[in-house]
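Visitor: I would be grateful for a close look at a single part of this protein. Please choose one stretch of the chain, describe its residues of interest, and then set that stretch in the context of the whole.

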Amino acid sequence: MCVALLTYADLGARLNISREAARSLARRRRLPRSRSDDGKALVSVDFSELRYVPRPRRCRQADPIAASMARIEAFKAEAFKMEVARLEAAATGYRADFERERERADRLAVELLQAGAETTAANAWAARLEDEVAALRTGRRASGAIAGRAALRLGHLAAAIVGADRAARR
């Protein structure tokens, strides 16, 4: 009969188990315990009677509810990833549409500015032509020389109106 006084850590090392498992074993088997001078617990162990073989560790059976919840969570995560990818693709398409429409709006703004400038020039030209017509109407006299010049100016005026009309149609 070989009795040894061991601490829980020493007993655990000898049996190849943890310190807590050695303490639990000593309590279950009701092994005699005492305190050492340094305050540690000592256990009296007779290894011929102990015959302790640690059980192999069993894998814990996964809780079926927890396993199904994990599968559901994985499925949800996958669904969310797919939704994020779909939304990113849609956002990319919308961004391309936005860029295209912005370029179109810029082109239209330039065309509008050009049309405004052309309208202003046409209005100025029309005002000048109206002034010339008014001058021709008030300056027309019975004398032939003035009437000839007026007719000539009237011809130039008609040609200018036709030219302005053609330019405005372009």
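Guide: Let us begin with the loop between α1 (8–15) and α2 (19–28), in which N16 is found. The model is a predicted one, and the values that follow are computed from it. The backbone at N16 has a phi near 65°, which is a positive value in a residue other than glycine. Is N16 buried or exposed? The relative accessibility of N16 is 68%, and since exposed residues are those over 50%, N16 counts as exposed.

Continuing along the chain through α2, one comes to R30, which is placed in the loop between α2 and β2 (33–35). R30 is likewise a residue other than glycine with a positive phi, here near 55°. Its relative accessible area is 75%, so R30 is exposed. The helix α2 thus has N16 in the loop that links it to α1, and R30 in the loop that links it to β2.

As for the whole, the protein contains 5 helices and 3 strands. Their order along the sequence is β-α-α-β-β-α-α-α. Among its 170 residues, 14% count as buried. The protein exposes about 14300 Å², of which carbon and sulfur atoms supply 56%. Finally, of the contacts with a separation of 6 or more, 54% are accounted for by residues 24 or more positions apart.

Terms used
Residues are numbered from 1 along each chain as its sequence is written. This is a predicted model: local features need pLDDT of at least 70, side-chain atom pairs count only at pLDDT 80 or more; totals for chains, interfaces and linings use all residues. Side-chain values use heavy atoms; hydrogens and water are left out. Helices (H or I, at least four residues) and strands (E, at least two) are DSSP runs, numbered from the N terminus. Buried means under 20% relative accessible area, exposed over 50%, partly exposed in between (1.4 Å probe, protein chains only). Contact means heavy atoms within 4.5 Å. Accessible areas come from the Shrake-Rupley method with a 1.4 Å probe; for residues, only the protein chains shown count as cover.
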